Amino acid sequence: MATPQSDSSLSPLRTVAVVGLGTMGTGIIEVLAKAGRQVIGIDISGAQAARSVAALESSTARAVERGRLTEQERAGVLARVTTSTDLRAAADADLVIEVTPESYEVKQQVFRELDAIVRPTAVLATGTNALSVTRLAADSARPERVLGLHFFNPAPAMKLVEVVSSVLTAPQAVAAVTDLALELGKEPVAVGDRPGFVADGLLFGYLNQAAAMYESKYASREDIDAAMRLGCGLPMGPLALLDLIGVDTARTVLDAMYAESHDRLHAPAPILKQLSEAGLTGRKAGRGFYTYEAPGSPTVVPDALTPHEGAASAPGRPVRAVGVAGSGTMASGIAEVFAKAGYDVVLAARSEEKAEAARARIGKSLARSVDKGRMTAETAAKTLDRITPAGSYDAFADVDLAVEAVAEDLDVKRQLFEALDKVCKPGAILATTTSSLPVVACARATSRPQDVIGMHFFNPAPAMKLVEVVRTVLTADDVHATVREVCGTIRKHAVDCGDRAGFIVNALLFPYLNNAVKMVQEHYASLDDIDAAMKLGGGYPMGPFELLDVVGLDVSLAIERVLHREFRDPGLAPAPLLEHLVAAGCLGRKTGRGFREYARR
């Protein structure tokens, strides 16, 4: 990754000045001091400099309590840090990192003053994640020594550092800073100069869409956040993350991204402007999308929008027996979930053999749970006994809830719902597990559209806690109430959403994946760097290309096309590279090749 330092005029980066002592600046100081660097913290506010030192003392004290530092090491860290309110304190620094507010005027002023202060060999780094490094460099007297060094918050914990080169940056400066990042225990990713770089370039488009989804009243803030945490394994929901980042900061980043891309997905959602201008900028203000205990507190407190536990809803219908239609992984997983919760389950497929095979798959899954100590052999046997395989949907005559999990093909689902309408008793609820097709189209295939609803489980159903409960404009209130109750009984977290393409999770997830493909297609960054950036900088359990190969490129392309068709946004058009790989039969892990190659099983 890094190349050997080859410019003898470039001094070792032993003394580092950090300009701007907010949360990020303080975190960067801690990282540098722990790695043995002499650090000069500079802020125009003496009070802010004092707060930064207090925060550093507190953070290192906690590290001692947790056994991560000794008292002697802590004393060494604190001794290596000095602070000043005068930029001239940076005169002897080998590297200056500015993390001042996201404003060209502020940053250019800092760089102009530094030009007259620092040694000719010093490297100047900007911590911006939204502004043009090239523009800042061009305004400096030493553009070849200006680059971007983008840490992630909290800097001591987050491994990713984006090293940003402009067309003016000397390779030796990049190499020196990359070496430093490695010595700090970070994982540097080399990127070019464009707003958001890799991680934020992908992250902020997703956050913006989540804000727009909330603004349109499609789903509640709690349901949007829970859906992305539970459906994608993300450490935080998007609206909570916007509050942590700062709503005003997010708006600034998106403005910069939109100025370059003119992609509507980057045009800041109006609610970001409204909240910013009202001073509701997130945690730091004590209120943003959520309300907090106090400014700066992470503790969310109830407000007027907080849903009331046990709020009155329409009484539900009794559900004792459940029918699951299908014989694939999803159908068998859903049948297992219901049987574990004590429901009698009829597992019906197109043939007795397929239904028996699906039941056998459930038996193996339960046996694995026994082996891992998650259930007793007796409980597993009782669970399997509750599942009755059937080779015909006629076996659904007495079920109270029928859940289809057949192929993601609207004609196939319509035919099935026509059949269920004839077989199922009056009052039985008919649910589809579709992830992208219109639920109302399934409902219209029956004579009882009021009894039809979406129950979108996530794969693998026994492990994933989320169910998206999808109401159509025709769904009856008591049907919705029943399905919410059932989700509680099977220990799933239900989120409510309307009947539109992608629901919550896929509508937010797949444009992000598509944008990652565009980055590779445009030769902006490599697959490995993008995957690393999102795992290390965003806390994602998988990088976008790892996830695409697991999901299947054909499945991903189909969902992208559905989203594009529904919302007609040019930014949602599938990336040509994705289409080309699918046309070539490179569908991901299942074919042995997608964005990466895999060993054949």
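These are legends for a set of close-up views of a predicted model.

**View 1. Helix 13 and helix 14 side by side.**
Start with helix 13, which covers residues 352-371, and helix 14, which covers residues 377-385. Their axes come within 9 Å and cross at roughly 165°. That angle makes helix 13 roughly antiparallel to helix 14, because anything over 145 degrees counts that way. The crossing of this pair is right-handed. On the helix 13 side, look for Arg-359, Ile-362, Gly-363, Leu-366 and Val-370. They meet Ala-377, Ala-380, Thr-383, Leu-384 and Asp-385 of helix 14. Sort the residues of this contact by class and you get 6 nonpolar, 2 polar and 2 charged.

**View 2. Inside the second largest pocket.**
Now for some empty space: the second largest pocket has a volume of about 1400 Å³. It is lined by 48 residues, and the ones closest to its centre are Met-330, Ser-435, His-456, Asn-459 and Val-555. Several elements each supply at least two lining residues, among them helix 8 (221-232), helix 12 (329-340), helix 15 (410-423) and strand 16 (452-457). Helix 20 (544-551) and helix 21 (553-567) are also on that list. Which helix gives the largest share of the lining? That's helix 18, with 6 residues. By class, the lining divides into 30 nonpolar, 15 polar and 3 charged residues.

**View 3. Helix 18 against helix 20.**
Both of these helices supply residues to the lining of the second largest pocket, and here you can see how they pack. The axes of helix 18 and helix 20 come within 10 Å and cross at roughly 115°. Helix 18 passes helix 20 in a left-handed crossing. From helix 18, the contact uses Leu-509, Phe-510, Tyr-512, Leu-513, Ala-516, Val-517 and Val-520. Across from them, helix 20 offers Pro-544, Phe-545, Leu-547, Leu-548 and Val-551. What classes of residue make up this contact? It has 12 nonpolar residues, with no polar and no charged ones.

**View 4. Helix 20 meets helix 21.**
Stay with helix 20 and look at its packing with helix 21: the angle is about 100° and the axes are 6 Å apart. That makes helix 20 roughly perpendicular to helix 21, since angles of 65 to 115 degrees count as such. Leu-548, Asp-549 and Val-551 of helix 20 make the contact with Leu-553, Val-555 and Ser-556 of helix 21. You've already met Leu-548 and Val-551, which touch helix 18 as well. Val-555 should ring a bell too, as one of the residues closest to the centre of the second largest pocket. This contact divides into 4 nonpolar residues, 1 polar and 1 charged.

**View 5. Two cis peptide bonds and a positive phi.**
Where are the cis peptide bonds in this view? One joins Asn-153 and Pro-154, with omega about 0°. Pro-154 sits in the loop between strand 6 (146-151) and strand 7 (160-165). Another joins Asn-459 and Pro-460, again with omega about 0°. Pro-460 belongs to the loop between strand 16 and strand 17 (466-471). Its partner Asn-459 is one of the residues closest to the centre of the second largest pocket. While you're checking the backbone, have a look at Phe-197: its phi is near 55°, a positive value in a residue other than glycine. You'll find Phe-197 in the loop between strand 8 (187-192) and helix 7 (199-215).

**View 6. Asp-529 and its neighbours.**
Asp-529 is part of helix 19, residues 527-538. Which residues does Asp-529 touch, if you don't count those up to four places away in sequence? Val-189 and Ala-190. Glu-162 is worth finding here too: it is 367 residues from Asp-529 along the chain, yet their C-alpha atoms are separated by 9.8 Å.

Methods: Residues are numbered from 1 along each chain as its sequence is written. This is a predicted model: local features need pLDDT of at least 70, side-chain atom pairs count only at pLDDT 80 or more; totals for chains, interfaces and linings use all residues. Side-chain values use heavy atoms; hydrogens and water are left out. Axes are lines fitted to C-alpha atoms, for helices over the stretch in contact, and angles run from 0 to 180 degrees between N-to-C directions. Helices (H or I, at least four residues) and strands (E, at least two) are DSSP runs, numbered from the N terminus. Angles under 35 degrees count as roughly parallel, over 145 as roughly antiparallel, 65 to 115 as roughly perpendicular and the rest as oblique. A crossing is left-handed if the near helix is turned anticlockwise from the far one by less than a right angle, and right-handed if clockwise. Contact means heavy atoms within 4.5 Å. Ala, Val, Leu, Ile, Met, Phe, Trp, Tyr, Cys and Pro count as nonpolar, Asp, Glu, Lys and Arg as charged, and the others, Gly among them, as polar. On a 1 Å grid over the protein atoms alone, a cavity is a set of points where a 1.4 Å probe fits but cannot get out, and a pocket is an open set with protein on both sides within 12 Å along at least five of seven lines; lining residues have an atom within 4 Å of a point. Grid points are joined across faces, edges and corners, and a volume is the space filled by probe spheres set on the points.
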